[in-house]
Amino acid sequence: MNRHAFYLKRAFRQMTAKPANFAIIVFSFTVCAFSLFVLINQLLYSTTFFLHQGESRRTFTITSSVSDNSELIEALSESELLPQISEFVGLSAYPKGGSNQYIQAVLCSANDSRITGEPDVTIGRTFSESELENGENVIIWCNNEIYINSGLREYKSVGDSVVIGNGVYTVIGISETDIYLPFSTALKTDDFDIRLNGMVFSEIPTKSEVEILEAIATTNDCTVKSRYQAELSDFLENGMECTVIIIGIILCVICIVSSLFDYMVRSTSYEYNIYKLLGISRAGLFELLYLPLFIMTVVSLVAGYALFCLSKPLQRLLNMYGQVDLASGVVVFAIMLIVMLSVTVPKYNRLFSGGARL
């Protein structure tokens with residue numbers, strides 16, 4: 001315990017003796033840690049992208065130049081040349097021609113499993129099967145304070161009426177999340193435009209099936225693109241550039257830290273000769289030499305992680321997931337230690353065995 005306390009005290013004394021070098025090394029290590037966090041997150045994103053490529057190849061996004069995608073939905077449903085659609089993504093209804101209220105209704109269906117809207121009702125009741133099948137003029141309302149207070153939506157209670165276009169819809173329930181409407185109601189009336197953001201197929205479409213899908217979309221003034229193509233494009237555009245830049249930063253940091261650390265060792269080499277004369281073991285000399293750098297590595301790792309967590313705009317720019325988890329932090333720390341030791345141990349091995357002249 002006394003030996004480690006002596007080494008720790010000696011490490012702090014050595015760091016504070018050269019504050020400029022200490023500041024430069026900590027800053028350089030912080031940049032290195034931050035770059036490694038970004039690089040590992042980018043690699044994790046790439047791994048996830050390739051692991052889920054089967055699902056992403058089945059998912060297609062739709063960009064529409066028209067306000068109503070009803071005909072597109074009917075064409076997709078009636079086509080016998082495409083694999084079965086397992087889910088319609090982002091299926092919602094908007095008042096046709098605009099409205100003095102902000103209404104975006106999630107569509108629900110009783111028999112169509114591709115329509116996955118499930119009402120979250122806190123007051124009143126949800127739709128009955130008869131209402132969903134027959135397309136009755138009922139609606140589940142949402143009294144969201146943001147819309148109510150801004151005047152974009154009126155407060156409603158169960159039993160109240162909502163006028164949309166030429167139709168009058170009865171509020172049968174209140175939800176805390178969304179407005180809900182039967183899919184058959186939106187199809188039957190002329191009060192709503194139905195919009196579709198994408199679809200998921202039960203199996204990966206072949207090249208010929210993709211061509212058929214693109215033809216159907218073009219006929220209905222839409223374009224389709226698989227999520228796999230979008231993610232691959234983002235990866236090729238951002239991933240490679242990010243990796244090259246970050247590796248360059250890491251190499252520059254290694255050169256700076258190696259040069260400064262070399263200067264620190266040279267300037268205190270006489271102290272290690274004194275420690276040898278006092279009988280301190282080779283392991284003890286190693287600890288004295290590397291403990292300051294180890295402490296600076298820990299400090300820089302924390303600073304680099306904090307900088308990374310605060311860089312939300314950069315994370316969005318690089319299409320990365322959220323913050324790095326504990327496992328990634330351990331990997332970054334291990335990489336920094338391995339690089340530090342691999343660069344310095346062969347260079348200073350004579351300090352531990354032979355004379356201390358460098």
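**Group meeting: helix α8 and a surface patch**

Okay, so the protein chain here has 13 helices and twelve strands. Bear in mind that this is a predicted model. Of its 358 residues, 43% count as buried. For the contacts with a separation of 6 or more, 79% come from residues 24 or more positions apart. The accessible surface is about 18,800 Å², and carbon and sulfur atoms hold 59% of that.

Let's go to helix α8, residues 207–219. There are 13 residues in α8, and from first C-alpha to last the helix reaches 19 Å, close to the 18 Å you'd expect at 1.5 Å a residue. Which residues of α8 are buried? That would be E209, L213, I216 and A217. Looking down the axis of α8, the buried residues fall within an arc of 100°, so they line one face of the helix. As a reminder, an α-helix has 3.6 residues a turn, so residues three or four places apart point the same way.

And what covers those buried residues of α8? The cover includes two strands, β11 (198–201) and β12 (222–226), along with β1 (59–64) and helix α4 (70–78). Flip to the other side of α8 and you find K207, T218 and T219 exposed. Just past the end of α8, D221 has a positive phi of about 60°.

Last stop, the surface. F294, V298 and V302 make up a nonpolar patch there, together showing about 230 Å² of accessible area. V302 sits in helix α11, which runs over residues 282–310. Buried or exposed, then, for V302? V302 has 55% relative accessibility, so it counts as exposed.

Key:
Residues are numbered from 1 along each chain as its sequence is written. This is a predicted model: local features need pLDDT of at least 70, side-chain atom pairs count only at pLDDT 80 or more; totals for chains, interfaces and linings use all residues. Side-chain values use heavy atoms; hydrogens and water are left out. Patches are made of residues with over 30% relative accessible area and no salt bridge: like charges are joined within 9 Å, nonpolar side chains (Val, Leu, Ile, Met, Phe, Trp, Tyr) within 5 Å. Accessible areas come from the Shrake-Rupley method with a 1.4 Å probe; for residues, only the protein chains shown count as cover. A salt bridge is a side-chain nitrogen of Lys or Arg within 4 Å of a carboxyl oxygen of Asp or Glu. Helices (H or I, at least four residues) and strands (E, at least two) are DSSP runs, numbered from the N terminus. Buried means under 20% relative accessible area, exposed over 50%, partly exposed in between (1.4 Å probe, protein chains only). Contact means heavy atoms within 4.5 Å. The expected span of a helix is 1.5 Å times one less than its number of residues. The arc is that of the directions from the helix axis to the C-beta atoms.
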